[in-house]
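User: Could you take a close look at one pair of packed helices for me? I'd like to know how the two are oriented and which residues bring them together.

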Amino acid sequence: MKLQVAIDRVPVEQAVRIIQAIDGQTDIIEIGTSLTKEFGLRALRPVLEAAGNTSVLADIKTCDEGAYEFDLGFDLGFDYLTVMGSASMGTLEACAKSTETHGRVMMIDLLECDEQRIERISGFQNAIYCLHTSVDSGATADPVAQVRAFKARFPQIRHIAIAGGIKQHQLAALAQENIDIVIMGSAITKADDITAACQACRKEMQ
């Protein structure tokens with residue numbers, strides 16, 4: 001299971017400082033939707049440079065213009081990009097094609113997608129499907145139970161991530177569920193000692 005640390009609602013300069021604090025301690029650095037909207041992808045080059053060899057995800061939450069947005073993000077150097085599961089099949093297919101062309105990774109955000117919708121879009125074998133409880137809805141109540149229920153309902157989906165207020169004490173149990181990525185945000189980025197918080201989370205996952 002990989003650790004993805006999400007950076008949101010901060011200036012670019014602070015995002016760079018957070019990245020420097022978790023350098024070598026996380027598998028994926030997420031540049032949150034708030035940063036991509038406030039500053040734009042092209043203005044985030046300092047973030048990509050600070051990340052060095054660590055993979056970087058831009059949480060652009062594509063809803064339309066799939067080829068344009070994914071080509072742009074991958075050409076700028078992002079390794080992972082996100083598309084909303086609620087987007088049209090045409091958009092999802094365009095994002096998948098761009099991802100394959102660039103040899104990168106597509107993450108499908110399942111925010112507010114019901115079972116019928118998930119079933120319909122479950123055929124992207126190389127995509128990571130993200131179980132996502134929104135910030136506005138609060139933390140994921142029981143992430144392990146959520147993962148188990150999802151895997152039982154959609155066995156055809158091979159790659160799973162989970163996000164939404166995940167806490168350190170939940171990581172050991174999640175690591176036993178054989179999911180691809182656990183996404184954490186403020187539990188790490190707002191800690192008094194960001195490096196120590198990230199290291200503690202990684203240790204919990206082992």
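Analyst: Happy to! A definition helps to begin with: a crossing is right-handed if the near helix is turned clockwise from the far one by less than a right angle, and left-handed if anticlockwise. In this predicted model, the crossing in which H4 passes H5 is right-handed. H4 covers residues 66–76 and H5 covers residues 89–102. In general, two packed helices are described by the angle between their axes and the distance between the axes. For H4 and H5 the angle is about 25° and the axes are 8 Å apart. Angles under 35 degrees count as roughly parallel, and H4 and H5 are therefore roughly parallel to each other.

Now to the residues that bring the pair together. On the H4 side, the contact is made by Gly 66, Ala 67, Phe 70, Asp 71, Phe 74 and Asp 75. Across from them, H5 contributes Thr 91, Ala 94, Cys 95, Ser 98, Thr 99 and His 102. By character, the residues of this contact between H4 and H5 split into 5 nonpolar, 5 polar and 2 charged.

For a view from elsewhere in the chain, try Ser 122, in the loop between helix H6 (115–120) and strand E6 (128–132). Its relative accessibility is 8%, so Ser 122 counts as buried. The side chains of Ser 122 and Gln 156 are joined by a polar contact of 3.1 Å. Setting aside neighbours within four places in sequence, Ser 122 is in contact with Tyr 129, Gln 156 and Ile 157.

Conventions: Residues numbered from 1 in each chain as written. Predicted model: local features only at pLDDT ≥ 70, side-chain atom pairs only at ≥ 80, totals over all residues. Heavy atoms only, no water. Axes fitted to C-alpha atoms, helices over the stretch in contact; angles between N-to-C directions. Helix = DSSP H or I, 4+ residues; strand = E, 2+ residues; numbered from the N terminus. Parallel < 35°, antiparallel > 145°, perpendicular 65-115°, else oblique. Contact = heavy atoms within 4.5 Å. Nonpolar A, V, L, I, M, F, W, Y, C, P; charged D, E, K, R; others polar. Buried < 20%, exposed > 50% of the residue type's maximum accessible area, 1.4 Å probe, protein only. Polar contact = N/O pair within 3.5 Å; in protein donor to acceptor, adjacent residues only side chain to side chain.
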